[in-house]
Amino acid sequence: MSATLLSGAVLIAQILLVLAMACAAWRVLRGPRAQDRVLALDALYVNAAMLLLVFGIRSGSTHYFEAALLIALLGFVATAALSKFLMRGEVIE
Amino acid sequence: MNDLPLWAAIPVTLLLLFGSALALIGSIGLVNLRSFYARVHAPTLGTTLGIGSILLASMLYFSVLRTRFVLHELLMAVFIVLSTPVTLMLLTRAALYRDQREGSSEVPAVLPSDPPEKEVP
Amino acid sequence: MRRLLPYPAMAVAMLLLWLLLNDGVSVGGVLLGGALALAGCAVLAALRLPRAHLRRIAILPGLLRDVAIEVARSNNAVARLILRPPRERTHQPGFVRIPLDMRSPYGLAALACILTATPGTVWVDYDSSDGTMLLHVLDLIDREEWVRIVKDRWERRLMEVFE
């Protein structure tokens, strides 16, 4: 009973998160301006981290957690650097 | 994912569905809101309650499965809470700066006290 | 003592984070985490940050609870707004400039994080010369109302903690 409940929930959650990533990816491709793309890229990163957490629940292994943490970290650094770039046209001053 | 008691499976299920639905709504907002400054608010749904409830689901699931407290999801929660406002602030400021330089009518004009043109490379 | 351990609370927090990352407590983990926490605090001391003076820590739990309630409430409001069909969407996004009385950098950082983490509001800019901040609001109905919300709900209480 609880196994079917959980596997159904994990499946639905994965579908919803993939749809969310598709929406974000659409905005990355569509633009229209650079700041829209960066914002959507940040959302894409967070959605990917959530998808990995759900994968972790599905496989019952905590190893996915570290990958999700790394994605969140890299997403933060990337978005901060890109915002800096949009502000000044250079990343390191 | 088989030997989880029902009393734990139900909250994990609800939290997973709630979190992923919020993330999807946030991303839909990215698609259908009109302007950049309106879209800035949309992903916050996923990065606050969305990822929060998925982390909670994961914590509950692994704690019950391993019959000990698995708390390292807290680490990611702390990190997300600290990093999301920083990125959004940086990005919105950058967008405002670009729009002000182009003289867009959508944003407030540069105040006299704001740093003048000397910052332009 | 002061030289060896300039930020005791920060060192403990770093050690706890390390143990959380390891997902378990072991002798080796505590030793390595302790060494890393000392090194991290030495780096922090080299940065010469202004010291934070936390007063009235007792009101922090209530503040955190109110932040959580506010985040949940505005999640609901913003989700409803996004799911509404475009024709019926009557929200007016806009900027508000809010004069602040708070000058403590840590208090301002906390205010910025609270406002930005709440869906529907984003802290955009702070002007240190006249102490005003620029806030972007997704559904801006009444500017005066927002000035009042920010000042009464958050700024006053953060000033009690940080100033």
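Here is a walk through a predicted model, starting with chain B, moving on to chain C and ending with the salt bridges.

Let's begin with chain B. It has 4 helices and 0 strands, so there's no sheet to look for here, because strands are DSSP runs of E. Read from start to end, chain B goes α-α-α-α. Of its 121 residues, 54% count as buried. If you take the contacts in chain B between residues at least 6 apart in sequence, 54% of them join residues at least 24 apart.

What does UniProt say about this chain? Its unreviewed entry lists residues 6-33, 45-64 and 70-91 of chain B under "transmembrane region". You can set that record beside the model. Residues 6-33 of chain B come out as 96% helix and 0% strand, with the end C-alpha atoms 40 Å apart. Residues 45-64 of chain B are 100% helix and 0% strand, and there the end C-alpha atoms lie 28 Å apart.

Now zoom in on one residue, B:Thr48. You'll find it in helix 3 of chain B, which covers residues 44-66. Is B:Thr48 buried or exposed? It is buried, because its relative accessible area is 17% and the cut-off for buried is under 20%. The side chain of B:Thr48 reaches the backbone oxygen of B:Thr44 at 2.8 Å. That same residue, B:Thr48, also makes a side-chain to side-chain polar contact with C:Asn75, at 3.2 Å. Setting aside sequence neighbours within four places, B:Thr48 is in contact with C:Val71, C:Asn75, C:Ala117 and C:Pro119.

Those partners take us over to chain C. For this chain, UniProt's unreviewed entry gives residues 5-21, 27-47 and 106-124 as "transmembrane region". Residues 27-47 of chain C are 100% helix and 0% strand in the model, with end C-alpha atoms 30 Å apart. Residues 106-124 of chain C are a mix: 63% helix and 21% strand, with the end C-alpha atoms 17 Å apart.

Where does strand come into chain C? Chain C has an open sheet of 3 strands in the order 1-3-2, with antiparallel pairing. Strand 1 (94-99) and strand 2 (121-127) are at the edges, and each has a single partner strand, so one side of each has no neighbour in the sheet. On average, neighbouring strands of this sheet are turned by 25 degrees against each other, ignoring direction. Strand 1 of chain C pairs with strand 3 (residues 132-137) over 6 bridges, in the antiparallel sense. To see that pairing residue by residue, look for C:Pro99, which stands opposite C:Thr132 in strand 3.

Helices pack on this sheet too. Helix 4 of chain C (residues 105-117) touches strand 2 and strand 3, and its direction makes about 150 degrees with that of strand 2. Helix 5 of chain C lies across strand 1, strand 2 and strand 3, and it runs at about 50 degrees to strand 1.

Last come the charged pairs. Side chains of opposite charge can pair when their charged atoms come close. How many salt bridges are there over all chains? The count is 11. One of them is between A:Arg33 and B:Asp99, with the closest N and O atoms 2.7 Å apart. A:Arg33 is in the loop between helix 1 (2-30) and helix 2 (34-59) of chain A, while B:Asp99 is in helix 4 (residues 73-102) of chain B, so this pair joins two chains. A:Arg33 is partly exposed at 23% relative accessible area, whereas B:Asp99 counts as buried at 7%.

Chain C has salt bridges of its own. C:Glu70 and C:Arg153 meet at 3.0 Å, N to O. This pair links distant parts of the chain, with C:Glu70 in helix 3 (residues 60-83) and C:Arg153 in helix 5 (residues 143-162), 83 residues apart. C:Glu70 counts as buried at 11% relative accessibility, and C:Arg153 as partly exposed at 31%. Salt bridges that share partners also join C:Arg65, C:Asp66 and C:Arg157 into one network. Within it, C:Asp66 and C:Arg65 meet at 3.0 Å, N to O. C:Asp66 is partly exposed, with a relative accessible area of 22%, and C:Arg65 is exposed, at 52%.

Notes. Residues are numbered from 1 along each chain as its sequence is written. Chains are lettered from A and ligands numbered from 1 in the order in which they are written. This is a predicted model: local features need pLDDT of at least 70, side-chain atom pairs count only at pLDDT 80 or more; totals for chains, interfaces and linings use all residues. Side-chain values use heavy atoms; hydrogens and water are left out. A salt bridge is a side-chain nitrogen of Lys or Arg within 4 Å of a carboxyl oxygen of Asp or Glu. Buried means under 20% relative accessible area, exposed over 50%, partly exposed in between (1.4 Å probe, protein chains only). A polar contact is a pair of N or O atoms within 3.5 Å; within protein, one must be able to donate a hydrogen and the other to accept it, and residues adjacent in sequence count only if both atoms are side-chain atoms. Contact means heavy atoms within 4.5 Å. UniProt positions are given in the numbering used here, feature names are shortened, and annotations may be inferred rather than shown by experiment. Two strands pair if DSSP finds at least two bridges between them. Axes are lines fitted to C-alpha atoms, for helices over the stretch in contact, and angles run from 0 to 180 degrees between N-to-C directions.
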